[in-house]
Amino acid sequence: MKIYKYPPKDVWAEIVERPRLDLTRLNETVAGVLADVKARGDEAVKEYELKFDKARLDSLAVSEAEMDEAEKLVSNELRDAIILAHHNIKVFHISQRFVGQKVKTQEGVVCWQKSVAIERVGLYIPGGTAPLFSTVLMLATPAKIAGCREIVLCTPPNSEGKVHPAILVAARIAGVSKIFKAGGVQAIGAMAYGTESVPKVFKIFGPGNQYVMAAKQQVTLDEVAIDMPAGPSEVCVIADEKANAEFVAADLLSQAEHGIDSQVLLITTAENKLKEIAEEVERQLEQLPRKEMAAKALENSRYVLVRSLDEAIALSNAYAPEHLILQTEDYQQLAEKVVNAGSVFLGKFACESAGDYASGTNHTLPTHGYATAYNGVNLDSYCRKITFQHLTEDGIRQIGKAVELMADAEQLHAHKNAMSVRIRSIQNKE
């Protein structure tokens, strides 16, 4: 953990920098796997599953019998928790439904939008260091609400060829159509290109390691959309002198345990609070089962002491965090100044874990500074807006001449003629 005390602005670029890796060889590896999956389909996916996940698979598809078996392996308490989280996620995302309206821009010219669901979407659910069944809810629930006709899910199996039962239970609750045992780059390739078993999808959603992220970005060159570019997970906490050090430390560590390339940033206006939080982080770290992973992530992380909350929020906006926690007395006023962030947590009781699981907001968010330009997954992520327009003779009279002039100025004479023939048709009737 690196500590900065009252850093001048010319040091901010160093503070907000994320860990960087040389991706040249990684991208070459990813491209090779994608090309192989595109060429050989199921056979290639099964070979990579044996190589990377040590799973020998006869079939990629999860069967109904496996789904039923999973129901028996998940406790009633966990199932109830999944149902509660699904309900809240559903309620929040239903509120995002688009309601279009017809707009008359000129007499005889009416324009409107219609929201149409993407017909087939692919969800990638990691299963490496942790089985992220919560991500199933976050991705499948809005897809179902949007009306996606087919929801395809890929997730890596264990060495016995089994998918974690909580992932399967969450998938059934959220309405996933088809589930396949495939992880990593081979899963992204299967959904992007289609195989004998896995349907080709139109858009791929979901987090993953650096190989998965590279694969998602590469397949966007092959007519497949993705939810967003992303990197390792991160959190920024802004704390004042009244902040609860135990809570702040817990929030920092909950992010750090995601992986060794995760990053946490603490910004505080109180030097004594910085010291208190640092000590609390060390105390709580010793109690974590994933202690070594969290400790490694903390090496990429920073504590920053600033002079004011205005400076704190300015630094946070420069960082553009995936998660931003405001543990300050005046969090409401500070929240108004947030410009760049994926998801914001207000007050001492709003821990990131609430949004990760059950408050209702989506936890699939832009990382690595992409919050300057991208939002997190929401209902619109699963829809396209199709525009419509209707013109009458009055509409041609209103805008026809302008269209002719503009088309002529751009030297697009066929464009001009398409309007001109209509103008003449109306004039000939008059």
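What follows is a walk through two helix pairs, a cavity, a pocket and one strand residue in this structure. The model is a predicted one, so the values below all describe a prediction.

A good place to start is the pair formed by helix H2, spanning residues 24–40, and helix H3, spanning residues 42–52. Their axes sit 6 Å apart, and the angle between them is about 135°. An angle over 145° would have counted as roughly antiparallel, so H2 is oblique to H3. On the H2 side, the contact is made by Gly 32, Val 33, Asp 36, Val 37 and Arg 40. Facing them from H3 are Asp 42, Glu 43, Ala 44, Val 45, Glu 47 and Tyr 48. Sorted by class, the residues of this contact come out as 5 nonpolar, 5 charged and 1 polar.

Further along the chain, helix H6 (residues 133–146) meets helix H7 (residues 165–174). Here the axes come within 9 Å and cross at roughly 15°. Because angles under 35° count as roughly parallel, that is how H6 lies to H7. The crossing of H6 and H7 is right-handed. H6 brings Phe 133, Val 136, Leu 137, Ala 140, Thr 141 and Lys 144 to the contact, while H7 answers with Ala 166, Ile 167, Ala 170, Ala 171 and Ala 174. Of the residues in the contact of H6 with H7, 9 are nonpolar, 1 is polar and 1 is charged.

Next comes the empty space. Rolling a probe the size of a water molecule over the atoms reveals where such space is left. Counting cavities of 30 Å³ or more gives 1. The largest cavity has a volume of about 50 Å³. Around the largest cavity stand Arg 18, Pro 19, Pro 232, Ser 233, Glu 234, Asp 261, Gln 263 and His 368. By class, this lining has 3 charged, 3 polar and 2 nonpolar residues.

The second largest pocket holds about 230 Å³ of space. Its lining takes in 18 residues, and those nearest the centre of the pocket are Phe 92, Gly 342, Ser 343, Thr 361 and Asn 362. Three elements, helix H5 (76–94), strand S13 (343–346) and helix H15 (352–357), each give at least two residues to the lining. S13 supplies the largest share, with 3 residues. Charged residues are missing from the lining of this pocket, which has 11 polar and 7 nonpolar ones.

Last is Thr 387, which belongs to strand S14 (residues 383–391). Thr 387 and Cys 111 are 276 residues apart along the chain, yet their C-alpha atoms are separated by 7.2 Å. Once neighbours within four places in sequence are set aside, Thr 387 is in contact with Trp 112 and Gln 113.

Terms used:
Residues numbered from 1 in each chain as written. Predicted model: local features only at pLDDT ≥ 70, side-chain atom pairs only at ≥ 80, totals over all residues. Heavy atoms only, no water. Axes fitted to C-alpha atoms, helices over the stretch in contact; angles between N-to-C directions. Helix = DSSP H or I, 4+ residues; strand = E, 2+ residues; numbered from the N terminus. Parallel < 35°, antiparallel > 145°, perpendicular 65-115°, else oblique. Left-handed = near helix turned anticlockwise from the far one by under 90°. Contact = heavy atoms within 4.5 Å. Nonpolar A, V, L, I, M, F, W, Y, C, P; charged D, E, K, R; others polar. 1 Å grid on protein atoms, 1.4 Å probe; cavity = no way out; pocket = protein on both sides within 12 Å on 5 of 7 lines; lining within 4 Å. Points joined across faces, edges and corners; volume = space filled by probe spheres on them.
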